[in-house]
Amino acid sequence: MEHSFIDKYSNLDSIIHRLDPRTKILSIFIYVVFVVLTSPNKFSEFFGYSVLIFILIFLSRLPFGYVLRRSFVIFPFVFLVVIFVPFYKFDNPVEIYRYGRFFIVWNVLIKSWLSVIAITVLTSTTRFSVLLKGFEKLKLPKFLIMCVSFMYRYIFVLIDEVQRLQRARDSRYFGGKFFLQLKVYANIIGLLFIKTYNRAERVYQNMVSRGFDGNIRILNNLKLTSLDFSFCIVFSLIILVIKILV
Amino acid sequence: MKKVIEIKNLSYTYPDGKLALQDISLDIFEGESVGIIGPNGAGKTTLLLHLNGILKSKNGKIKIFGKELNNGNLRTIRSKVGLLFQDPEDQLFMPTVFDDVSFGPLNLGFSKDIVIQKVKNALEQVKMAGFEERSPHHLSYGEKKRVALATILAMEPEILLLDEPTGNLDPATRREFIELLKNFNHTKIVAGHDLEFIKEISTRVILLNQGRIIKDALPSEIFSDQKILFENRLV
């Protein structure tokens with residue numbers, strides 16, 4: 001069955017695609033930190049960061065529409081913040097008088113939106129396996145990486161299983177009371193748990209039979225090139241210029 | 001001939017109380033190709049899991065290459081006994097084909113260059129060279145099965161344990177897979193109920209039912225005995 005992958009465009013070719021994952025992870029991390037720590041009334045600075053990230057998208061040849069659509073995932077969260085705005089007690093009312101109560105929404109919206117766009121660029125231009133290797137080289141705990149890697153490997157297998165169960169239900173479903181339906185779904189969830197548990201058992205048996213002794217070993221042949229160094233320098237310089245001059 | 005596997009009075013009960021193997025005694029010699037046939041739930045997979053030390057039974061003894069299985073030599077024995085699982089989805093758990101095939105050799109402690117060489121050889125043997133960077137999820141079932149075999153070949157085992165290797169394959173893929181297996185000179189133990197395939201590949205067949213060995217004979221002898229096949233739900 002077909003699924004949409006978060007690294008759907010990772011096989012394109014561009015400067016951004018050719019960068020080492022570590023370079024991308026660190027650059028995007030720096031970018032996000034700078035965006036988040038910018039005071040919300042510095043509109044020109046935010047403009048600078050937006051231009052920078054759109055230049056990155058342009059360089060990476062990702063379709064703009066795709067990146068925008070992916071970045072909309074944050075809107076439900078921003079909506080949550082909006083709901084609570086009337087109840088906020090503000091420590092610094094001066095800015096609120098100047099820009100209105102929804103200043104806080106702007107603050108959350110622009111920061112999260114730019115950050116999510118940046119992360120979308122990172123994950124869309126890097127194959128997921130390579131991204132994990134980048135994190136591994138950056139000394140993230142191997143156990144954590146293994147967990148994420150298993151999740152990414154088996155999430156689609158699991159989705160297939162859910163779809164099969166759902167189909168089995170649909171083919172014998174002729175309408176019924178809501179309460180009864182709920183019970184069926186409860187059973188499906190229970191069944192999925194057992195299936196996943198059994199699969200985990202078999203995968204572990206498999207790992208053990210291939211010599212797994214609790215130490216995770218991953219062969220990693222990532223190499224930093226001059227492109228990575230120049231990208232890092234240029235990218236950080238631009239961010240500093242935005243921070244200091246704008 | 002050299003005895004590679006020696007099983008004596010092996011019995012196994014699953015934690016839920018189900019009796020899976022009863023008093024199995026069996027010798028397997030170097031270069032043999034042994035088929036294990038039997039109906040569903042006969043204990044075929046359970047037996048294979050014992051030969052790799054994944055399941056451990058208190059009753060009975062298993063010797064592999066003349067050594068009894070214990071925690072000290074488990075690693076060496078597992079590197080010599082490769083087990084191909086029924087569902088390739090269970091065998092391919094890493095994000096890329098390369099990571100999957102290199103998993104075994106890395107665990108055996110080989111250096112980087114040797115690992116890369118072994119992965120290359122293994123993938124060439126199953127005719128899957130060039131798929132290194134693909135994600136297992138993007139492969140067809142037949143391709144998954146081949147890569148799963150490569151993950152074992154990369155460890156260069158002397159004994160291959162194959163659990164229903166032809167299950168779920170379409171006829172052409174099945175044919176190719178059989179041709180592939182026939183080329184290997186390893187000692188092979190093949191479990192399954194694809195009788196045609198087992199007839200073709202084995203030099204000796206063991207009929208298992210309800211955890212017991214019913215018959216251990218030449219393929220021609222077992223497959224011409226319609227009565228015994230019928231009694232054990234194989235026709």
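Okay, let me start at the tail end of chain B: B:R233 sits in the segment after α10 (226-231) of that chain. Its phi is near 60°, which is a positive value in a residue other than glycine. Is B:R233 buried or exposed? Exposed, because there are 12 C-beta neighbours inside 10 Å, and 12 or fewer puts a residue in that class. One thing to keep in mind throughout: this is a predicted model.

There's a counterpart in chain A. A:K139 also has a positive phi without being glycine, near 70° in this case. You'll find A:K139 in the loop that runs between α8 and α9 of chain A. With 7 other C-beta atoms within 10 Å, A:K139 is exposed.

Now let's step back and look at chain B overall. Chain B has 10 helices and 10 strands. Its radius of gyration is 18 Å, close to the 18 Å from the globule rule for 235 residues, so chain B is as compact as a globular protein of that length. If you draw a box around the C-alpha atoms along the principal axes, you get roughly 50 × 45 × 40 Å. Of those 235 residues, 46% count as buried. And here's one on the contacts: take those in chain B between residues at least 6 apart in sequence, and 67% of them join residues at least 24 apart.

On to the sheets of chain B. One is an open sheet of four strands, in the order β2-β1-β4-β5, with antiparallel pairing. The edges belong to β2 (19-29) and β5 (67-68) of chain B, and each of them pairs on one side only. If you want to zoom in, strand β1 (residues 3-13) of chain B pairs with β2(B) in the antiparallel sense, over seven bridges. Take B:I7, for example: its bridge partner in β2(B) is B:L26.

Then there's an open sheet of six strands in chain B, and the order is β6-β7-β8-β3-β9-β10. How do these strands pair? The pairing is mixed. At the edges stand β6 (81-84) and β10 (212-217) of chain B; each has a single partner strand, so one side of each has no neighbour in the sheet. On average, neighbouring strands of this sheet are turned by 15° against each other, ignoring direction. At the β6(B) end, four bridges join that strand to β7 (residues 159-163) of chain B, and the two run parallel. Within that pair, B:V81 stands opposite B:I159 in β7(B).

Over to chain A. The domain assignment splits it into domain 1, covering 15-135 + 223-245, and domain 2, covering 141-209. How far apart are the C-alpha centres of the two domains of chain A? They lie 34 Å apart. One residue to click on is A:L109, in helix α7 (residues 103-125) of chain A. A:L109 counts as partly exposed, since it has 19 C-beta neighbours inside 10 Å. Its C-alpha atom and that of A:F75 are separated by 7.9 Å, although the two residues are 34 residues apart along the chain.

Last stop, where the chains meet. Here 23 residues of chain A are in contact with 26 residues of chain B. On the chain A side, the elements giving two or more residues are α8 (128-137), α9 (142-170) and α10 (178-209). Which of them gives the largest share? That's α10(A), with seven residues. By class, this side of chain A has 11 nonpolar, six polar and six charged residues.

Note on methods. Residues are numbered from 1 along each chain as its sequence is written. Chains are lettered from A and ligands numbered from 1 in the order in which they are written. This is a predicted model: local features need pLDDT of at least 70, side-chain atom pairs count only at pLDDT 80 or more; totals for chains, interfaces and linings use all residues. The radius of gyration is taken over C-alpha atoms; the globule rule is 2.2 Å times the number of residues to the power 0.38. A residue is buried if 20 or more other C-beta atoms lie within 10 Å of its own, exposed if 12 or fewer, and partly exposed in between; C-beta atoms are placed from the backbone. Two residues are in contact if their C-beta atoms, placed from the backbone, lie within 7 Å. Two strands pair if DSSP finds at least two bridges between them. Domain bounds come from an automatic or database domain assignment. Ala, Val, Leu, Ile, Met, Phe, Trp, Tyr, Cys and Pro count as nonpolar, Asp, Glu, Lys and Arg as charged, and the others, Gly among them, as polar. Axes are lines fitted to C-alpha atoms, for helices over the stretch in contact, and angles run from 0 to 180 degrees between N-to-C directions.
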